[in-house]
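Let's take a walk through this one together. Have the sequence and the model side by side, and follow along as we go.

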Amino acid sequence: MKCPNCHHEIESSLTSKCPNCGFKFDDEFYISQANESEDTSNLDKSIDPDDYPTGGLPFIALILPILGLLAIIFRTKNKPYTRKIYAIATIAGAVAWGAVLFLIFKQW
Ligand SMILES: [Zn+2]
């Protein structure tokens with residue numbers, strides 16, 4: 001971003017005043033800056049480009065929830081979207097297994 005007073009390029013967005021002229025930024029300035037920068041480059045940085053479940057793993061997680069749990073532990077580092085998919089599949093699988101086992105044991 002640039003200082004609105006002297007147009008000095010400021011590297012850090014965490015600073016509250018211009019290192020060149022000492023111009024103090026207020027909240028209003030930050031809000032206008034945030035609205036101006038429409039590009040989502042900051043958002044993209046935190047999301048892994050490979051953030052999607054691999055192949056049929058969510059389905060495997062559905063059938064064998066324990067594998068889904070292992071996938072969540074070992075394969076979803078910095079992949080919040082993938083983790084969510086696995087978590088849903090694992091929970092759905094666990095519930096389905098719970099229902100199946102309940103029905104089986106209920107008959108005895
Ligand atoms: Zn300045």
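**A loop, two helices and what they cover**

Start at Asn-78, which sits in the loop between H4 and H5. Keep in mind as you look that this is a predicted model. Asn-78 has a positive phi of about 60 degrees, although it is not a glycine. That deserves a second glance, since most residues other than glycine have a negative phi. Is Asn-78 buried or exposed? The cut-off for exposed is 12 or fewer other C-beta atoms within 10 Å; Asn-78 has 11, so it is exposed.

His-7 shows a positive phi too, of about 65 degrees, and it is not a glycine either. You'll find His-7 in the segment before helix H1 (27–36). With 10 C-beta neighbours inside 10 Å, His-7 counts as exposed.

Now step back to the whole chain. It has five helices and zero strands, so to speak a plain α-α-α-α-α when read along the sequence. Buried residues make up 12% of the 108 residues. Of the contacts with a separation of 6 or more, 39% are between residues 24 or more positions apart.

Back to the two helices on either side of that loop. How do H4 and H5 pack? Helix H4 (residues 65–75) and helix H5 (residues 80–106) have their axes 8 Å apart and meet at an angle of about 160 degrees. Anything over 145 counts as roughly antiparallel, and that makes H4 roughly antiparallel to H5. Their crossing is left-handed.

Zoom in on the contact itself. From H4 come Pro-65, Gly-68, Leu-69, Ala-71 and Ile-72. On the H5 side they meet Arg-83, Tyr-86, Ala-87, Ala-89, Thr-90, Gly-93, Ala-94 and Trp-97. Sorted by class, the contact has nine nonpolar, three polar and one charged residues.

Which residues of H4 are buried? They are Pro-65, Gly-68 and Ala-71. Looking down the axis of H4, you can see its buried residues fall within an arc of 105 degrees, so they line one face of the helix. The spacing helps here: an α-helix has 3.6 residues a turn, so residues three or four places apart point the same way. What covers the buried residues of H4 includes helix H3 (57–63) as well as H5. Turn H4 around, and the face away from its buried side carries the exposed residues Ile-66, Ile-73 and Phe-74.

Two residues of H5 round off the tour. One is Ile-85, in helix H5. Why does Ile-85 count as buried? The cut-off is 20 or more other C-beta atoms within 10 Å, and Ile-85 counts as buried because it has 21 C-beta neighbours inside that distance. Leaving aside neighbours within four places in sequence, Ile-85 is in contact with Pro-53 and Pro-58. Its C-alpha atom is separated by 9.7 Å from that of Gly-68, 17 residues apart along the chain.

The other is Ala-92, also found in helix H5. With 15 C-beta neighbours inside 10 Å, Ala-92 counts as partly exposed. Try tracing from Ala-92 to Ala-61: the two are 31 residues apart in sequence, and C-alpha to C-alpha they are 8.8 Å apart in space.

How values were computed. Residues are numbered from 1 along each chain as its sequence is written. This is a predicted model: local features need pLDDT of at least 70, side-chain atom pairs count only at pLDDT 80 or more; totals for chains, interfaces and linings use all residues. Axes are lines fitted to C-alpha atoms, for helices over the stretch in contact, and angles run from 0 to 180 degrees between N-to-C directions. Helices (H or I, at least four residues) and strands (E, at least two) are DSSP runs, numbered from the N terminus. Angles under 35 degrees count as roughly parallel, over 145 as roughly antiparallel, 65 to 115 as roughly perpendicular and the rest as oblique. A crossing is left-handed if the near helix is turned anticlockwise from the far one by less than a right angle, and right-handed if clockwise. Two residues are in contact if their C-beta atoms, placed from the backbone, lie within 7 Å. Ala, Val, Leu, Ile, Met, Phe, Trp, Tyr, Cys and Pro count as nonpolar, Asp, Glu, Lys and Arg as charged, and the others, Gly among them, as polar. The arc is that of the directions from the helix axis to the C-beta atoms.
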